[in-house]
Amino acid sequence: LDDGIRFKNRFIQTDAYKREKKAGKVCYRGIGGLPYNNKFKNWLAKTTKNPANTCVLPWQGKLLCSYEGGWPHIVDIDELKTHGLESFSNTLVKGMNFLAHTRYDARKKELFGVSFTPGKHSTFNVHGFAEDGSSILNEKFTQFGMTIIHDFLITDNYVIIMENPVIPEVPVLIKAMMGFEPILKTLKQQDRPASVMLVPRTGGKPTIIEMEKSCLAIHHASAKEIQNENGQTTGIEFFSCIFDEYIDFGKEFGYQGNDKPYLNSFSANQNAQKLNRVTVDIINQKSSSEVVTDWGIDFPSIHPDGDGRGATHIYGCTSLPKGSFNPFDAICRVDLKSGETDLWKSDSGFLGEGYFVPTGKTEDTGFIVSMAYQADQTEVLVLRAEDLKSGPIARALLPDVFPYGFHGHFQPAT
């Protein structure tokens with residue numbers, strides 16, 4: 001705005017928030033942490049918590065605030081009031097979770113989501129919804145092998161799920177079920193190839209193609225289809241932030257336990273996630289991958305209309321020195337044609353996801369909006385996407401101090 005910015009915030013009125021506010025303390029076990037020092041109290045603590053704290057997306061004139069372990073919460077865009085849970089016209093049944101991440105096809109105005117239940121045989125439900133909210137895809141299938149997934153991709157004809165091979169450590173799992181350890185600490189990467197699952201948007205069982213190695217990806221950037229001269233789809237190209245080896249389960253974001261402060265640097269033994277180009281050959285049922293840049297990149301962002309059509313530029317968070325796995329302290333831009341990576345090193349603390357705000361139809365001009373976090377202040381930063389090195393062109397110090405956040409959303413002012 002010409003006269004500055006306007007700011008409004010409100011806690012999402014989840015059941016867990018209301019219960020813990022009334023109690024004046026944390027009452028739930030989380031997937032990554034425990035509420036008490038006392039193991040017996042943790043054993044008795046409630047285990048089902050939906051804090052609605054991971055992703056934000058607009059849908060049908062409302063905001064959906066989502067989390068991995070439950071349905072999205074509905075929030076009014078103007079007043080930020082909470083209006084219960086989104087079941088997508090009763091498509092989600094009781095007990096079915098819903099991934100925090102969704103994908104939106106801006107051309108067809110269709111929204112996609114995934115529910116899954118991990119286990120020896122992991123179960124997937126792939127959902128698609130038309131602009132009017134009606135169901136256009138509800139495909140359920142089971143795949144052998146335990147996995148964890150957080151994100152997925154779409155193309156014109158497919159929903160793409162990258163299956164991360166993990167396995168629980170049984171002794172730690174028993175402790176976690178008793179409330180002695182967080183659930184995430186029970187996991188370790190399994191030494192078997194990851195898989196790419198291609199689920200037709202028109203419905204039908206997925207095509208499952210093994211990757212050439214075991215790896216783990218939390219966030220994906222973009223995907224597009226590869227076609228031959230006859231217009232037949234013969235493959236998929238997608239970009240993903242991939243760990244070749246992940247060892248820090250349960251230590252995310254420097255977590256050390258419920259009674260210790262977060263670390264300012266992560267495990268020295270954890271290699272960074274790298275932006276990979278993955279090429280899937282549908283005809284010959286094989287795939288290959290290559291690292292695009294040596295920087296350790298996560299929280300990838302593309303043009304908001306880009307889901308399903310690929311990308312020429314990917315924006316993300318990274319850390320210095322190059323290739324390190326630390327709290328993010330830089331915003332970067334990767335030119336997928338030239339392979340060049342530009343970045344700006346933060347002078348305002350750790351950085352959250354950088355949201356690309358286009359000024360037109362292209363992917364190389366616009367703005368990057370990011371939150372910068374310090375112990376005593378939180379800022380909103382605006383950078384020019386085509387000139388990151390020059391640093392922020394605008395800064396706004398918020399009236400409240402916020403903890404480090406995950407994913408957000410922007411939309412044009414009305």
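Helices (H or I, at least four residues) and strands (E, at least two) are DSSP runs, numbered from the N terminus. With those labels in hand, let's walk through this predicted model.

**First stop: the loop between β4 and β5**

Select T102 to begin. This residue sits in the loop that connects β4 (82-85) with β5 (103-105). Is T102 buried or exposed? Its relative accessibility is 18%, and buried means under 20%, so T102 counts as buried. Now show its surroundings: leaving aside residues up to four places away in sequence, T102 touches L57, L111, F112 and F152.

Stay in the loop and pick N90, which is also found between β4 and β5. With 64% relative accessibility, N90 counts as exposed. Check its backbone too: phi of N90 is near 65°, a positive value in a residue other than glycine. Most residues other than glycine have a negative phi.

One more residue here is E86. Display its side chain together with that of K62, and you will find a salt bridge of 2.7 Å, N to O. Because E86 lies in the loop between β4 and β5 while K62 belongs to strand β2 (residues 62-66), the pair ties together parts that are 24 residues apart in sequence. Both E86 and K62 are buried.

**Next: K109 and N138**

Move on to K109, in the loop between β5 and β6 (110-117). Here is another positive phi in a residue other than glycine, near 55°. K109 is partly exposed, its relative accessible area being 37%.

Then select N138 in strand β8 (residues 135-144). This residue is partly exposed as well, at a relative accessible area of 44%. Which residues does N138 touch, not counting those up to four places away in sequence? They are T91, N125, V126 and H127. Draw a distance from N138 to G203 while you are there: the two are 65 residues apart in sequence, yet 7.3 Å apart in space from C-alpha to C-alpha.

**Two surface patches**

Switch on the surface and colour R19, K25, K41 and K46. These four gather in a patch of positive charge. Among them, K25 has its place in the loop between α1 (15-23) and α2 (39-44), and at 47% relative accessibility it counts as partly exposed.

For a nonpolar counterpart, select F40, W43, L44, V170, I174 and M178, which form a surface patch with about 610 Å² of accessible area together. Two elements, α2 and α3 (170-177), give two or more residues to this patch. Which of the elements gives the most? That is α2, with three residues. From helix α3, take a look at I174, which counts as partly exposed at 46% relative accessibility.

**Salt bridges further along the chain**

How many salt bridges does the structure hold? There are 17, and two more are worth a visit.

Zoom in on E237 and R277, whose side chains meet in a salt bridge of 3.4 Å, N to O. The pair links distant parts of the chain, with E237 in strand β16 (residues 233-243) and R277 in strand β17 (residues 274-281), 40 residues apart. E237 and R277 are both buried.

Now go to D347 and R395, where the side chains form a salt bridge of 2.9 Å, N to O. D347 lies in the loop between β22 (341-345) and β23 (350-351) and R395 in strand β27, so this pair ties together parts 48 residues apart in sequence. D347 counts as exposed, at 53% relative accessibility, whereas R395 is partly exposed, at 41%. Before leaving the topic, add K224 and E290 to your view of E237 and R277: salt bridges that share partners join these four into one network.

**Last stops: a cis peptide bond and K389**

Select L320 and P321 and inspect the peptide bond from one to the other: this bond is cis, with omega near 0°. Most peptide bonds are trans. P321 has its place in the loop between β20 (313-318) and β21 (330-335).

Finish at K389, in the loop between β26 (378-384) and β27 (392-397). K389 is exposed, with a relative accessible area of 62%. Apart from residues up to four places away in sequence, K389 touches D342, L343 and W344. Add K345 for a closing distance: K389 and K345 are 44 residues apart in sequence and 8.1 Å apart in space, C-alpha to C-alpha.

Technical notes:
Residues are numbered from 1 along each chain as its sequence is written. This is a predicted model: local features need pLDDT of at least 70, side-chain atom pairs count only at pLDDT 80 or more; totals for chains, interfaces and linings use all residues. Side-chain values use heavy atoms; hydrogens and water are left out. Patches are made of residues with over 30% relative accessible area and no salt bridge: like charges are joined within 9 Å, nonpolar side chains (Val, Leu, Ile, Met, Phe, Trp, Tyr) within 5 Å. Accessible areas come from the Shrake-Rupley method with a 1.4 Å probe; for residues, only the protein chains shown count as cover. Lys and Arg count as positive and Asp and Glu as negative; His and the chain ends are not counted. The place of a charge is taken as NZ of Lys, CZ of Arg, CG of Asp or CD of Glu. Buried means under 20% relative accessible area, exposed over 50%, partly exposed in between (1.4 Å probe, protein chains only). Contact means heavy atoms within 4.5 Å.
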